[in-house]
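These exercises are to be worked with the sequence and the 3D structure in view. Try each task on your own before you read its solution.

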Amino acid sequence: MAARGELPVIQRTYDFILWAVPWLGRLPRDHKFQIGDRITDGLYGLLEGLLQARYARDKAERLSILNGALDVLRYQFRLLLDLKLVPVNRYEFAAQALVDIGRELGGWRKASGPRAEGLSQ
(Lines give C-alpha, C1' and ligand atoms only; values in the text may rest on other atoms or scores of the structure.)
Protein backbone atom coordinates (compact mmCIF):
# COMPACT_ATOMS: atom_id res chain seq x y z
CA MET A 1 0.00 0.00 0.00
CA ALA A 2 1.42 3.38 -1.02
CA ALA A 3 2.05 5.90 1.72
CA ARG A 4 0.19 9.11 1.09
CA GLY A 5 2.45 11.81 -0.31
CA GLU A 6 5.54 9.58 -0.40
CA LEU A 7 8.14 10.17 -3.09
CA PRO A 8 7.65 7.55 -5.83
CA VAL A 9 11.27 6.35 -5.69
CA ILE A 10 10.96 5.72 -1.95
CA GLN A 11 7.68 3.86 -2.32
CA ARG A 12 8.99 1.80 -5.25
CA THR A 13 12.11 0.86 -3.25
CA TYR A 14 9.97 -0.07 -0.24
CA ASP A 15 7.71 -2.25 -2.40
CA PHE A 16 10.72 -3.91 -4.02
CA ILE A 17 12.15 -4.76 -0.59
CA LEU A 18 8.82 -6.32 0.41
CA TRP A 19 9.01 -8.50 -2.71
CA ALA A 20 12.72 -9.40 -2.63
CA VAL A 21 13.66 -9.97 1.00
CA PRO A 22 11.42 -12.99 1.67
CA TRP A 23 12.84 -15.04 -1.21
CA LEU A 24 16.41 -13.86 -0.60
CA GLY A 25 16.05 -15.44 2.83
CA ARG A 26 15.24 -18.76 1.14
CA LEU A 27 18.44 -18.94 -0.91
CA PRO A 28 20.57 -22.04 -0.31
CA ARG A 29 22.44 -21.70 2.98
CA ASP A 30 25.90 -21.18 1.49
CA HIS A 31 24.59 -18.29 -0.66
CA LYS A 32 22.01 -16.90 1.76
CA PHE A 33 24.69 -15.71 4.17
CA GLN A 34 26.93 -14.37 1.44
CA ILE A 35 25.15 -12.71 -1.46
CA GLY A 36 21.65 -12.86 0.03
CA ASP A 37 22.62 -10.88 3.12
CA ARG A 38 24.66 -8.41 1.06
CA ILE A 39 21.73 -7.72 -1.25
CA THR A 40 19.33 -7.41 1.68
CA ASP A 41 21.69 -5.00 3.46
CA GLY A 42 22.10 -3.05 0.21
CA LEU A 43 18.36 -2.74 -0.25
CA TYR A 44 17.83 -1.57 3.32
CA GLY A 45 20.73 0.86 2.92
CA LEU A 46 19.23 2.23 -0.29
CA LEU A 47 15.88 2.84 1.40
CA GLU A 48 17.55 4.44 4.39
CA GLY A 49 19.65 6.66 2.13
CA LEU A 50 16.62 7.77 0.14
CA LEU A 51 14.76 8.66 3.31
CA GLN A 52 17.71 10.65 4.60
CA ALA A 53 18.21 12.41 1.25
CA ARG A 54 14.62 13.61 1.36
CA TYR A 55 15.54 15.87 4.29
CA ALA A 56 19.17 16.63 3.45
CA ARG A 57 20.54 19.93 2.24
CA ASP A 58 23.14 18.13 0.11
CA LYS A 59 20.64 16.03 -1.85
CA ALA A 60 22.67 15.91 -5.05
CA GLU A 61 25.74 14.40 -3.41
CA ARG A 62 23.70 11.85 -1.45
CA LEU A 63 21.67 10.85 -4.50
CA SER A 64 24.84 10.39 -6.53
CA ILE A 65 26.19 7.98 -3.90
CA LEU A 66 22.88 6.12 -3.85
CA ASN A 67 23.05 5.78 -7.62
CA GLY A 68 26.34 3.91 -7.19
CA ALA A 69 24.78 1.66 -4.54
CA LEU A 70 21.94 0.89 -6.95
CA ASP A 71 24.48 -0.15 -9.59
CA VAL A 72 26.03 -2.59 -7.12
CA LEU A 73 22.58 -4.09 -6.51
CA ARG A 74 22.07 -4.55 -10.25
CA TYR A 75 25.27 -6.59 -10.48
CA GLN A 76 24.43 -8.61 -7.40
CA PHE A 77 21.06 -9.60 -8.84
CA ARG A 78 22.81 -10.50 -12.08
CA LEU A 79 25.13 -12.76 -10.09
CA LEU A 80 22.08 -14.54 -8.68
CA LEU A 81 20.99 -15.30 -12.23
CA ASP A 82 24.43 -16.37 -13.43
CA LEU A 83 24.87 -18.64 -10.39
CA LYS A 84 21.45 -20.12 -11.21
CA LEU A 85 20.08 -19.12 -7.81
CA VAL A 86 17.06 -17.34 -9.21
CA PRO A 87 14.69 -18.22 -12.06
CA VAL A 88 14.85 -16.03 -15.15
CA ASN A 89 11.36 -14.58 -14.61
CA ARG A 90 12.22 -13.50 -11.05
CA TYR A 91 15.48 -11.95 -12.25
CA GLU A 92 13.67 -10.10 -15.05
CA PHE A 93 11.19 -8.66 -12.56
CA ALA A 94 14.02 -7.58 -10.23
CA ALA A 95 16.04 -6.09 -13.09
CA GLN A 96 13.06 -4.07 -14.31
CA ALA A 97 12.28 -2.88 -10.78
CA LEU A 98 15.89 -1.70 -10.38
CA VAL A 99 15.72 0.10 -13.74
CA ASP A 100 12.52 1.85 -12.62
CA ILE A 101 14.09 2.83 -9.29
CA GLY A 102 17.14 4.11 -11.17
CA ARG A 103 15.01 6.16 -13.53
CA GLU A 104 13.21 7.84 -10.64
CA LEU A 105 16.45 8.34 -8.73
CA GLY A 106 18.00 9.95 -11.83
CA GLY A 107 15.02 12.27 -12.17
CA TRP A 108 15.36 13.30 -8.54
CA ARG A 109 19.10 13.90 -9.02
CA LYS A 110 18.43 16.07 -12.05
CA ALA A 111 15.73 18.01 -10.20
CA SER A 112 18.17 18.64 -7.35
CA GLY A 113 19.87 21.26 -9.49
CA PRO A 114 23.00 21.93 -11.51
CA ARG A 115 25.26 20.72 -8.71
CA ALA A 116 23.91 17.19 -9.24
CA GLU A 117 24.83 17.28 -12.92
CA GLY A 118 28.35 18.45 -12.09
CA LEU A 119 28.90 15.45 -9.81
CA SER A 120 28.31 12.96 -12.61
CA GLN A 121 31.02 14.37 -14.88
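**Exercise 1.** Which residues do ring pairs link into a cluster?

Before starting, note that the model is a predicted one, in which local features need pLDDT of at least 70 and side-chain atom pairs count only at pLDDT 80 or more, while totals for chains, interfaces and linings use all residues. Residues are numbered from 1 along each chain as its sequence is written, and side-chain values use heavy atoms, with hydrogens and water left out.

*Solution.* Step one is the criterion: rings of Phe, Tyr and Trp (its six-membered ring) pair if their centres lie within 6.5 Å, and planes under 30 degrees apart count as stacked, over 60 as edge-to-face and the rest as tilted. Step two is the result: the structure holds five aromatic pairs, and ring pairs join Phe-16, Trp-19, Trp-23, Phe-77 and Phe-93 into a cluster.

**Exercise 2.** Describe the pair of Phe-16 and Phe-77 and the pair of Trp-23 and Phe-77, and say where these residues lie.

*Solution.* A pair of aromatic rings is described by the distance of the centres and the angle of the planes. For the five aromatic pairs of this structure, begin with Phe-16 and Phe-77, whose pair is tilted, with 5.6 Å centre to centre and 50° between the planes. This pair links distant parts of the chain, since Phe-16 is in helix α1 (residues 8-24) and Phe-77 in helix α3, 61 residues apart; helices are DSSP runs (H or I, at least four residues), numbered from the N terminus. The pair of Trp-23 and Phe-77, in turn, is edge-to-face, with 6.2 Å centre to centre and 65° between the planes. Because Trp-23 lies in helix α1 and Phe-77 in helix α3, this pair ties together parts that are 54 residues apart in sequence.

Next comes accessibility, where buried means under 20% relative accessible area, exposed over 50% and partly exposed in between (1.4 Å probe, protein chains only). Phe-16 counts as buried because its relative accessibility is 3%, Phe-77 is buried with a relative accessible area of 2%, and Trp-23 is buried as well.

**Exercise 3.** What span should helix α3 have, and how far apart are its end C-alpha atoms?

*Solution.* The expected span of a helix is 1.5 Å times one less than its number of residues. Helix α3 (residues 59-82) has 24 residues and should therefore span 34 Å, which agrees with the 35 Å between its end C-alpha atoms.

**Exercise 4.** At what angle do α3 and α4 pack?

*Solution.* Axes are lines fitted to C-alpha atoms, for helices over the stretch in contact, and angles run from 0 to 180 degrees between N-to-C directions. Helix α3 packs against helix α4 (residues 88-111) at an angle of about 170°, with the axes 10 Å apart. Angles under 35 degrees count as roughly parallel, over 145 as roughly antiparallel, 65 to 115 as roughly perpendicular and the rest as oblique, and α3 and α4 are therefore roughly antiparallel to each other.

**Exercise 5.** Is Lys-84 buried or exposed?

*Solution.* Lys-84 lies in the loop between α3 and α4. With a relative accessible area of 73%, Lys-84 is exposed. Its phi is positive, about 60°, although Lys-84 is not a glycine.

Key:
Helices (H or I, at least four residues) and strands (E, at least two) are DSSP runs, numbered from the N terminus.
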